[in-house]
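Please open the model in a viewer and keep the selection panel at hand. The tour below proceeds stop by stop, naming what to select and then what is found there.

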Amino acid sequence: MRIIFDNDTGIDDALALVYLLSRPEVDLAAITCSAGNVSAEQVARNNLALLQLCGRPEVEVAAGASDPLSIPLVTTPETHGEQGLGYAELAAGSARVSHRSAVDLWIEEVRNAPGELTALLTAPLTNFALALRRDPELPRLLKRTVIMGGCYFYQGNTTPTAEWNTHVDPHAAAEVFAAFEGLPEEQLPIVCALETTERIELRPAHVARLAQESGCPSEELLRPEDAPGTRSTASSPLVRFLSDALRFYFEFHRQYDQGYVAHVHDVFAAAVAAGTVEYRARPATVHVETAPGPLVGTTAADYRGLWGRKPNARIVNWNDPPAVFDEVLGSIAALARRLDGQAGSVR
């Protein structure tokens, strides 16, 4: 499974990246960096540092667009922290950002391996939209496309009707969906929207389980009564990083009356792209509202053909959260054990 991952790292993007790196059968061909949760430059720094932490500094990281197509960039320090990784701190990666731009990378890699690459898009769709402007054939040349974005018959998480990624760059999302309209169903993007990604609700018990399965000698407890910013003491650097990042995410969700939990949207999308979890999806025609006003960024889906247009997406309408967590936590724990074993052998 060869994947190009476009992200805006971001706590849940980071967890998704660690998960992909934990799967032996996933060939992470490259990462492209979109401005979103933080600036594109910070996204690149975060990705390089995470690759270093996970022992994969050779993965290419390409810088992307600094701004959305038509509107100013809005970032989310209140959600993901000033650097995008919550309370976690990482040493800078040893590798450098690629000489290729994100757009060049998308076009060159897909053209060089038609029918082989999966596109995983968990950020605003700016980079991918720019690539499609230069090469409209990309949707036909990809093996599969997975998008985290939008909400349908479901409350938004940025406005009452809009999801974050789509709201940041609605014009890019509209162009991307338009590019897929009328393709065979198996080539339509699989859309992981809020109604299914918010079901992937990570809790402190999941972090404790991850630490235990990673072989950390003491239990990793993230308690609601802990002082904000309490840092992990886990023996595993990977568990320590994830715990510190997720604590910030827990605190954010609690501040907005959602409980001491974390909706790790992008992890589910990553597992769909990797082919490791079950889901069900339904073809639809997606419209993205781009006009200024209270509905900008809103996504609407026509499942019945009432608009007289062909489908441009497959929207996930069922998933299995316990199975997702079994897969993701077990796989990341195995990676943590491998990394700790390698560190021990070096010492």
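Select helix 4 (residues 102–112) and helix 5: their crossing is right-handed, a term used when the near helix is turned clockwise from the far one by less than a right angle, with anticlockwise giving left-handed. Helices here (H or I, at least four residues) and strands (E, at least two) are DSSP runs numbered from the N terminus. The two axes come within 9 Å and cross at roughly 60°. That makes helix 4 oblique to helix 5; angles under 35 degrees count as roughly parallel, over 145 as roughly antiparallel, 65 to 115 as roughly perpendicular and the rest as oblique. Axes are lines fitted to C-alpha atoms, for helices over the stretch in contact, and angles run from 0 to 180 degrees between N-to-C directions.

The model is predicted: local features need pLDDT of at least 70 and side-chain atom pairs count only at pLDDT 80 or more, whereas totals for chains, interfaces and linings use all residues. Residues are numbered from 1 along each chain as its sequence is written, and side-chain values use heavy atoms, with hydrogens and water left out.

Now display the side chains between these two helices. Helix 4 contributes Ala102, Val103, Asp104, Trp106 and Ile107 to the contact, and helix 5 contributes Asn127, Phe128, Leu130, Ala131 and Arg134; contact means heavy atoms within 4.5 Å. By class, this contact has seven nonpolar, one polar and two charged residues. Ala, Val, Leu, Ile, Met, Phe, Trp, Tyr, Cys and Pro count as nonpolar, Asp, Glu, Lys and Arg as charged, and the others, Gly among them, as polar.

Keep helix 5 (residues 126–134) selected and add helix 8. Their axes come within 8 Å and cross at roughly 50°, and helix 5 and helix 8 are therefore oblique to each other. This crossing is left-handed. On helix 5, the residues to pick are Thr126, Phe128, Ala129, Leu132 and Arg133; on helix 8, they are Ala172, Glu175, Val176, Ala179 and Phe180. The contact of helix 5 with helix 8 divides into seven nonpolar, one polar and two charged residues.

Next, turn to the enclosed spaces. How many cavities of 30 Å³ or more does the structure hold? There are two. On a 1 Å grid over the protein atoms alone, a cavity is a set of points where a 1.4 Å probe fits but cannot get out, and a pocket is an open set with protein on both sides within 12 Å along at least five of seven lines; lining residues have an atom within 4 Å of a point. Grid points are joined across faces, edges and corners, and a volume is the space filled by probe spheres set on the points.

The largest cavity has a volume of about 50 Å³. Select its lining: Ala123, Leu125, Ile147, Met148, Gly149, Glu163, Asn165, Thr166, Ala173 and Phe177. Strand 5 (144–148), helix 7 (164–168) and helix 8 (170–180) each give two or more of these residues. The lining has six nonpolar, three polar and one charged residues.

The second largest cavity holds about 30 Å³ of space. Its lining comprises Leu15, Leu202, His206, Val207, Leu210, Leu242, Leu246, Leu329 and Ile332. Helix 10 supplies the largest share, three residues. By class, the lining has eight nonpolar, one polar and no charged residues.

Leu15 leads to the next stop, since it also belongs to the contact of helix 1 with helix 12. Select helix 1 (residues 11–22) and helix 12 (residues 265–274), which pack at an angle of about 30° with their axes 7 Å apart. Helix 1 and helix 12 are therefore roughly parallel to each other, and their crossing is right-handed. Helix 1 brings Asp12, Asp13, Leu15, Ala16, Tyr19 and Leu20, and helix 12 brings His265, Asp266, Val267, Ala270, Ala271 and Ala274.

Finally, select the largest pocket, with a volume of about 450 Å³. Of its 25 lining residues, the closest to its centre are Thr79, Asn157, Thr158, Trp164 and Phe252. The lining divides into six nonpolar, twelve polar and seven charged residues.
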